[in-house]
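Reader: I would like a close look at how the chains meet in this predicted model, with particular care given to one of the contacts and then to its surroundings. Please take it slowly and in connected prose.

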There are 4 protein chains.
Amino acid sequence: MGGVYVLGINASPRNYGNAYKLLRIALEGAKSVGSEVKLVNLYEYNIKPCIGCVSDDQKACRYPCVIDDDMRILYEEVLKADGMIIATPVYWFNVSGVLKNFIDRLTVFENMIIIEGRCWIEGKVAGVIAVGNDSGVIMTISNLFATLNSMGLIIPPWALAYINSKVDAFDNENAILDSYNLGRNVALLAKILKDYKISWYESKVDNIEKILETIKKEVSKNYEKALKDRIPKISALKNNTSV
Amino acid sequence: MGGVYVLGINASPRNYGNAYKLLRIALEGAKSVGSEVKLVNLYEYNIKPCIGCVSDDQKACRYPCVIDDDMRILYEEVLKADGMIIATPVYWFNVSGVLKNFIDRLTVFENMIIIEGRCWIEGKVAGVIAVGNDSGVIMTISNLFATLNSMGLIIPPWALAYINSKVDAFDNENAILDSYNLGRNVALLAKILKDYKISWYESKVDNIEKILETIKKEVSKNYEKALKDRIPKISALKNNTSV
Amino acid sequence: MGGVYVLGINASPRNYGNAYKLLRIALEGAKSVGSEVKLVNLYEYNIKPCIGCVSDDQKACRYPCVIDDDMRILYEEVLKADGMIIATPVYWFNVSGVLKNFIDRLTVFENMIIIEGRCWIEGKVAGVIAVGNDSGVIMTISNLFATLNSMGLIIPPWALAYINSKVDAFDNENAILDSYNLGRNVALLAKILKDYKISWYESKVDNIEKILETIKKEVSKNYEKALKDRIPKISALKNNTSV
Amino acid sequence: MGGVYVLGINASPRNYGNAYKLLRIALEGAKSVGSEVKLVNLYEYNIKPCIGCVSDDQKACRYPCVIDDDMRILYEEVLKADGMIIATPVYWFNVSGVLKNFIDRLTVFENMIIIEGRCWIEGKVAGVIAVGNDSGVIMTISNLFATLNSMGLIIPPWALAYINSKVDAFDNENAILDSYNLGRNVALLAKILKDYKISWYESKVDNIEKILETIKKEVSKNYEKALKDRIPKISALKNNTSV
């Protein structure tokens with residue numbers, strides 16, 4: 001298994017708070033299986049909001065982004081990374097605005113599907129850390145999981161860690177272990193996959209017509225059966241005079 | 001302001017746990033402003049899962065539901081209620097399965113829009129309590145807020161209360177106060193609205209064509225401006241040879 | 001019922017796109033019941049990200065925000081408004097980054113609870129419009145519903161409208177009607193509540209101890225019953241030798 | 001790479017609808033890389049709701065579940081599977097109640113962490129299909145992603161497929177391709193990982209104290225710096241007389 005590079009992204013303005021602490025622990029987990037790591041503090045970069053070019057012209061959204069700002073540095077880091085760990089404070093049951101801008105600007109990679117048939121960050125491995133004084137961490141993590149997976153990223157086992165109270169991360173054994181394992185798993189899965197050259201999306205499936213034909217027949221049979229029991233019972237309701 | 005009736009729905013199997021406790025407190029809040037209240041333990045009712053008639057025949061889903069089970073009793077309660085407070089344990093960042101079945105079965109009221117132009121539970125007032133040993137409460141509450149509002153229910157101020165740790169509800173002053181106010185607000189807003197006979201959805205807007213015409217002109221003007229600055233910048237990217 | 005003021009917030013960079021169109025329609029709905037309205041394009045304002053002061057010092061987060069930018073203008077608008085309609089494009093199953101910054105910066109109003117016992121925007125009425133070429137609208141709206149309600153705002157019936165495909169808003173009758181009714185309902189409920197001076201959160205409940213005492217007795221009784229049937233069955237499992 | 005077994009779980013009552021169709025296509029994708037597959041229709045099984053034993057006694061929730069019903073059959077299937085594809089109709093922006101019960105009942109596997117230190121379904125690979133006539137698919141998928149990952153499952157690239165309109169699945173090329181690739185990726189990643197015997201959660205990290213010590217020093221340095229610039233600016237606000 002080759003060497004891997006894991007990028008830690010701190011989306012909190014406080015590089016001494018719980019998001020930062022758990023992220024650092026996660027990166028140690030990544031190092032424990034031989035990964036090279038780097039931590040970037042998003043708030044130190046000037047990241048302008050996405051301006052939604054794709055809605056005006058779907059082919060306009062492509063790498064490099066039309067906006068010339070510090071994302072150019074971060075784009076390079078993301079491309080280089082085999083794994084990515086995002087740590088965000090929970091602001092209103094959601095990511096920080098700075099992280100939202102970062103995420104939105106990653107669209108240039110994903111939209112390369114339209115341009116050249118392949119998302120540029122497909123197959124990378126990702127984990128998410130969310131911390132807050134209160135609840136909302138799962139809503140935040142869920143949203144990022146769906147987002148990252150829709151960009152083709154892989155979520156390894158136990159790829160979430162969080163704190164939802166005012167405790168200091170250093171006093172929260174669960175969060176410490178979860179973060180360490182999260183980092184370890186991101187790096188571990190990235191390492192395993194490093195040796196495989198997998199294209200994770202086939203835009204043409206040779207025998208798809210034949211496959212669909214078979215399934216259609218099967219579905220027809222199921223439907224015919226439903227037409228005998230389920231459907232009549234349901235349709236009778238329309239004339240239900242008791243309503 | 002007339003008298004109101006607030007229905008408390010306990011979706012936990014444990015009528016001695018935190019969901020139950022906070023729900024009881026909420027109902028006291030409702031009583032404090034003169035509401036009549038009732039608490040039902042969903043687990044004591046036999047509520048079968050929705051079988052999705054609406055996908056076979058959109059007009060088949062109507063009150064009363066084709067399934068003859070204890071929902072018939074609960075449907076009556078829901079119809080009678082001016083306000084509804086749902087208390088659920090958080091199972092996997094989501095409602096309990098029993099509550100899910102209850103929610104799904106309410107579709108018969110909502111689908112009356114298709115049958116006769118009006119949702120039967122529109123305009124009622126609702127609040128949500130979610131408790132768990134861990135996070136996920138906001139994801140659960142958010143989902144219910146969107147669902148209830150899509151059935152035409154009103155969410156009064158501070159209509160959410162929760163516990164996301166192993167604390168006993170009776171020892172959690174915040175959750176106690178939040179629940180009390182939640183109940184009070186559900187009843188209070190229901191009382192205020194009791195005297196108004198409002199139809200909250202107009203399916204015909206008399207002058208809609210004229211309105212749209214005006215807006216179209218305005219949007220055209222905005223678009224013409226965009227064609228001079230924003231769009232050319234974006235479209236130029238398609239031919240960006242640096243890509 | 002007095003006059004009300006409804007603020008429309010366009011969180012899309014495109015003031016000729018679907019978010020803008022539906023927002024304009026919603027504002028017409030608000031006008032139809034006598035509301036004064038105003039539309040602001042968030043992208044025309046310089047809104048810096050929240051820097052999370054509250055985590056360093058809970059009393060530091062207060063109005064006016066320490067950050068001196070265009071939010072000062074928007075804060076005034078929000079305070080003045082009786083109702084608020086937020087229209088956002090869906091970027092990665094979530095609000096635009098610009099809207100996220102706007103939302104996060106509203107914390108100064110909510111945190112006045114800590115400073116002086118009352119959220120400054122409590123009791124206002126809100127609705128949400130979300131548009132995208134694809135899914136994610138409900139996740140976006142749900143998150144905003146939970147957020148706005150946690151700031152004390154009221155969600156009137158049918159306060160959501162959305163588009164989740166590439167259709168032009170002007171060709172989508174459902175979205176047009178939903179938006180119009182959304183605006184109407186925000187204004188209508190704001191009008192009704194204008195005459196009431198309601199404090200929606202009581203931080204002291206006079207007889208709370210007595211109330212809790214009664215509930216505790218009731219819960220004890222339930223628990224005693226559970227100790228006879230439910231619990232023994234469950235606890236027996238621990239010694240289940242078949243495992 | 002060894003042979004793998006992928007379990008398809010249809011959570012729709014209609015074995016002729018879009019959920020079923022896309023699930024079948026996904027299973028063909030799994031077969032295309034040599035996987036053995038099986039499809040189960042959840043509605044054909046009697047799955048009672050979880051009764052939350054874990055809240056009464058954390059060690060009571062263990063495999064086999066105290067409830068004796070058809071889950072016993074499904075538990076066997078889940079244990080045997082290397083990959084799992086869940087297809088659900090979207091009922092109120094969420095899974096069907098039958099699927100909710102199935103998910104909740106999987107807790108017996110996850111809670112084996114408490115009993116014997118390891119989740120029994122850790123390391124399996126999962127994908128999610130959600131279909132509806134309307135929006136809510138992403139909220140549904142997000143919730144399942146967070147849930148499955150919290151049970152230790154892996155989400156491969158592009159592990160989501162959905163339909164959010166009334167189109168027939170067979171007429172939706174995107175959904176067909178997405179489903180096929182989803183199934184292929186679940187099987188492919190399961191195959192790759194089959195040869196590795198990885199324990200994905202280390203509950204003891206040997207040198208954790210030393211690691212934390214290093215991080216604490218680093219955080220202290222960051223905090224000291226903040227004490228000189230960031231914090232004073234923020235704290236000054238408390239005495240801000242302009243408020």
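Author: In this predicted model, a good place to begin is a single pair of side chains, those of R14(A) and D56(C), which meet in a salt bridge at 3.1 Å, N to O. Between chain C and chain A the count is two salt bridges, and to these can be added a count of 23 residue pairs in polar contact, both residues being at pLDDT 80 or more. On the side of chain C that touches chain A, the elements that give two or more residues are α2 (53–56), α4 (97–105), α5 (107–110) and α7 (137–150) of chain C. By residue class, that side of chain C divides into 15 nonpolar, 13 polar and six charged residues.

Taken as a whole, this contact brings 34 residues of chain C together with 33 residues of chain A, and the two chains bury about 2,700 Å² between them, with 55% of that area on carbon and sulfur atoms. The arrangement of the two copies can be described by laying chain C on chain A, which takes a turn of 180° and a shift of 0.0 Å along the axis and leaves an RMSD of 0.0 Å. That is the relation of a two-fold axis, and in chain C the C-alpha nearest this axis belongs to G97(C), at 2.7 Å from it. Because 97% of the interface residues of chain C are also interface residues in chain A, the copies meet through the same surface.

Chain C also has a contact with chain B, to which each of the two chains, B and C, gives 64 residues. The area buried between chain B and chain C is about 5,700 Å², and carbon and sulfur atoms give 67% of it. In chain B, the residues that lose the most area to chain C are Y16(B), W158(B) and W200(B), which together make up 14% of what that side buries.

Across the interface of chain B and chain C the rule finds four salt bridges, including one in which the side chains of R184(C) and E202(B) meet at 3.3 Å, N to O, and 27 residue pairs are in polar contact there, both at pLDDT 80 or more. The elements of chain B that give two or more residues to the side touching chain C are α1 (18–32), α7 (137–150), α8 (173–194), α9 (208–228) and α10 (230–235), and the largest share, twelve residues, comes from α8(B). The residues on that side of chain B divide into 41 nonpolar, twelve polar and eleven charged.

Key:
Residues are numbered from 1 along each chain as its sequence is written. Chains are lettered from A and ligands numbered from 1 in the order in which they are written. This is a predicted model: local features need pLDDT of at least 70, side-chain atom pairs count only at pLDDT 80 or more; totals for chains, interfaces and linings use all residues. Side-chain values use heavy atoms; hydrogens and water are left out. Contact means heavy atoms within 4.5 Å. Buried area is the accessible area (1.4 Å probe) that two parts lose on being put together, summed over both. A polar contact is a pair of N or O atoms within 3.5 Å; within protein, one must be able to donate a hydrogen and the other to accept it, and residues adjacent in sequence count only if both atoms are side-chain atoms. Helices (H or I, at least four residues) and strands (E, at least two) are DSSP runs, numbered from the N terminus. Ala, Val, Leu, Ile, Met, Phe, Trp, Tyr, Cys and Pro count as nonpolar, Asp, Glu, Lys and Arg as charged, and the others, Gly among them, as polar. Copies are superposed by least squares on the C-alpha atoms of residues with pLDDT of at least 70 in both.
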